[in-house]
Amino acid sequence: MKDYLPYLAGALLGVLVALIISTLLTLQGTAQLMLFALLPAIGGAIVERVSQRRPRKP
């Protein structure tokens, strides 16, 4: 479960960014759906990759 925490944190950050962008731009329909489909996955992948590149301290 510990290995999934960076991805989950990034996905939650992606959802938050999607909510903010959707509210600011008043997106509806397909644009809003694409935003909520892509940003959590991209955010999770980025945070997971960054956390894997950092050297782990024993």
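**Note on a predicted two-helix model**

1. Pro6 is buried, because its relative accessible area of 19% falls under the 20% limit used for that class. This holds for a predicted model, and the remaining points should be read with that in mind. Pro6 belongs to helix α1, which covers residues 5-25.

2. The surroundings of Pro6 lie far along the chain. Leaving aside residues up to four places away in sequence, Pro6 touches Gly44, Val47, Glu48 and Ser51. For one of these, Glu48, the separation from Pro6 is 42 residues in sequence, while the C-alpha to C-alpha distance in space is 5.0 Å.

3. As to the overall architecture, the protein has two helices and zero strands. The radius of gyration is 14 Å, whereas a compact globule of 58 residues would have a value near 10 Å. In keeping with this topic, the C-alpha trace spans about 45 × 15 × 15 Å along its principal axes.

4. The two helices are in contact with one another. The axes of α1 and of helix α2, which covers residues 30-53, come within 7 Å and cross at roughly 145 degrees, and the crossing in which α1 passes α2 is right-handed. On the α1 side the residues that meet α2 include Pro6, Tyr7, Gly10, Ala11, Gly14 and Ser22, and on the α2 side the residues met include Gln32, Phe36, Leu39, Gly44, Glu48 and Ser51.

5. Ser22 also sits in helix α1, and it is classed as buried because its relative accessible area is 7%, a value under 20%. Its side chain makes a polar contact with the side chain of Gln32, at 3.0 Å. Not counting residues up to four places away in sequence, Ser22 touches Leu27, Gln32, Leu35 and Phe36; of these, Gln32, Leu35 and Phe36 are listed among the α2 residues that meet α1.

6. Ser51 is found in helix α2, and at 12% relative accessibility it counts as buried. The side chain of Ser51 reaches the backbone oxygen of Glu48 at 2.9 Å. Both Ser51 and Glu48 are among the residues that Pro6 touches, so that this part of the note returns to the residue with which it opened.

7. Two further residues give a contrast in exposure. Ala31, which lies in helix α2, is partly exposed, because its relative accessible area of 40% is between the limits of 20% and 50%. Ala31 and Val17 are 14 residues apart in sequence and 14 Å apart in space, C-alpha to C-alpha. Thr26, found in the loop between α1 and α2, counts as exposed, because its relative accessibility of 61% is over 50%. The phi angle of Thr26 is near 45 degrees, which is a positive value in a residue other than glycine.

8. Taken over the whole chain, 19% of the 58 residues count as buried. The protein exposes about 4900 Å², of which carbon and sulfur atoms supply 69%. Among contacts between residues at least 6 apart in sequence, 56% join residues at least 24 apart, and the pair of Pro6 and Glu48, at 42 residues apart, may be read alongside that figure.

Key
Residues are numbered from 1 along each chain as its sequence is written. This is a predicted model: local features need pLDDT of at least 70, side-chain atom pairs count only at pLDDT 80 or more; totals for chains, interfaces and linings use all residues. Side-chain values use heavy atoms; hydrogens and water are left out. Helices (H or I, at least four residues) and strands (E, at least two) are DSSP runs, numbered from the N terminus. Buried means under 20% relative accessible area, exposed over 50%, partly exposed in between (1.4 Å probe, protein chains only). Contact means heavy atoms within 4.5 Å. A polar contact is a pair of N or O atoms within 3.5 Å; within protein, one must be able to donate a hydrogen and the other to accept it, and residues adjacent in sequence count only if both atoms are side-chain atoms. The radius of gyration is taken over C-alpha atoms; the globule rule is 2.2 Å times the number of residues to the power 0.38. Accessible areas come from the Shrake-Rupley method with a 1.4 Å probe; for residues, only the protein chains shown count as cover. Axes are lines fitted to C-alpha atoms, for helices over the stretch in contact, and angles run from 0 to 180 degrees between N-to-C directions. A crossing is left-handed if the near helix is turned anticlockwise from the far one by less than a right angle, and right-handed if clockwise.
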